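Trainee: I should like to understand the terms used to describe this structure. May we go through them one at a time?

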Amino acid sequence: MIGLPLGVILVTGEENGIRPINSKILKTINFVINVLRSVPFLILMILVFPLTRFIMGTVVGTAPTIVPLVIAAFPLVARLAETSFRKIDIHKIEMAQSLGATPFQIVTRVLIRESIPSLVSNLTIAATTILSYTAMSGIIGGGGLGKIAINYGYYRYKTLVMIVAVIFLIILVQLIQTIGTKLAVKLDKRNK
C-alpha cells in the first residue's frame, strides 16, 4: 500500500516523467528509500523501538513487529515496482499521451497493466524477503517459525527444532516462488 504508489511516483515524477514533481521531493524520497534499504532488518527493528512503542504501546510480541516490517518492506516494494515500471516500452506511454489519456489513466491502464507480470515476479521476491524478516522478528517475540526456531530451538539447545523450522521456511519460500513464477508466466502476454 505504500511501496507501489512510491514506485509510481519514482517513475512518473521524474523530470521527463508523465507527472513531474519537484526534484527536491523526488531526491528526498529516493534518499529515504535508499537509507531504509541499507539498514539490516535486525538493526532496523531495534532502531524503530521508540516508534513501535509509541504506536503499539510495546516492542515485544507479534503485533509490534508490524511496525518494523512495514518500514523495511515499503522501500523494497517501491524499488521493485519502480524496476517493473521502467521495463514498459516508452512508446506505449507516448501513444497513450497522444490519445489524450490523463496521467492517472496512463498509470492505471498502461503503466500498471503492462507491468503486471513483472510486478508479480517482483512481488514474489518481496514476499520471500519479508518472510525472512518475519523469521528474524522472532527475536522480539514476533511469532511464527522464527519464534519457534529461536525460543524452542536455539535457547533450549534443541538443534532438531531449529532445523525443522528452517526446513519449513525453505518449503514455504519454494512454494511462494513456484506459485509466483507460474502466475507471472501465465499473466505475461508474450507467452500467449
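Mentor: Certainly. Please keep in mind that this is a predicted model. Let us begin with helix α8, residues 116-136.

Trainee: How do you know that the span of α8 agrees with its 21 residues?

Mentor: At 1.5 Å a residue, α8 should span 30 Å, and its end C-alpha atoms are 30 Å apart, so the two values agree.

Trainee: Which residues of α8 are buried?

Mentor: The buried residues of α8 include Pro117, Leu119, Asn122, Leu131 and Tyr133. Buried residues of α8 pack against α1, α3, α5, α7, α9 and α10.

Trainee: What makes α5 largely enclosed by the rest of the structure?

Mentor: A residue counts as buried under 20% relative accessible area. In α5, 16 of the 21 residues are buried, and α5 is therefore largely enclosed. The span of α5 also agrees with expectation, because 30 Å is expected and its end C-alpha atoms are 30 Å apart.

Trainee: Why are α2 and α5 called oblique to each other?

Mentor: Helix α2 (residues 23-38) and helix α5 (residues 66-86) pack at an angle of about 120°, with their axes 9 Å apart. Roughly perpendicular covers 65 to 115 degrees, and roughly antiparallel begins over 145. The angle of about 120° falls in neither range, so the pair is oblique. As to handedness, α2 passes α5 in a left-handed crossing.

Trainee: Which residues make the contact between α2 and α5?

Mentor: From α2 come Asn30, Ile33, Asn34, Leu36 and Arg37, while α5 supplies Ile71, Phe74, Pro75, Leu76, Ala78 and Arg79. By class, this contact has 7 nonpolar, 2 polar and 2 charged residues.

Trainee: How do you know whether Thr52 is buried or exposed?

Mentor: Thr52 has a relative accessible area of 2%. The limit for buried is under 20%, so Thr52 is buried. Thr52 is found in helix α4, residues 49-56. Leaving aside residues up to four places away in sequence, Thr52 touches Gly57, Thr58, Val59, Pro64, Val67 and Pro68.

Trainee: Why does Ile21 count as partly exposed?

Mentor: The relative accessibility of Ile21 is 33%. Partly exposed lies between the limits of 20% and 50%, and Ile21 therefore belongs to that class. Ile21 is placed in the loop between α1 and α2.

Trainee: What does Ile21 touch, not counting residues up to four places away in sequence?

Mentor: Ile21 touches Ile9, Gly13 and Leu26. The C-alpha atoms of Ile21 and Ile9 are separated by 8.5 Å, and the two residues are 12 residues apart along the chain.

How values were computed
Residues numbered from 1 in each chain as written. Predicted model: local features only at pLDDT ≥ 70, side-chain atom pairs only at ≥ 80, totals over all residues. Heavy atoms only, no water. Axes fitted to C-alpha atoms, helices over the stretch in contact; angles between N-to-C directions. Helix = DSSP H or I, 4+ residues; strand = E, 2+ residues; numbered from the N terminus. Left-handed = near helix turned anticlockwise from the far one by under 90°. Contact = heavy atoms within 4.5 Å. Nonpolar A, V, L, I, M, F, W, Y, C, P; charged D, E, K, R; others polar. Expected span 1.5 Å × (residues − 1). Buried < 20%, exposed > 50% of the residue type's maximum accessible area, 1.4 Å probe, protein only.
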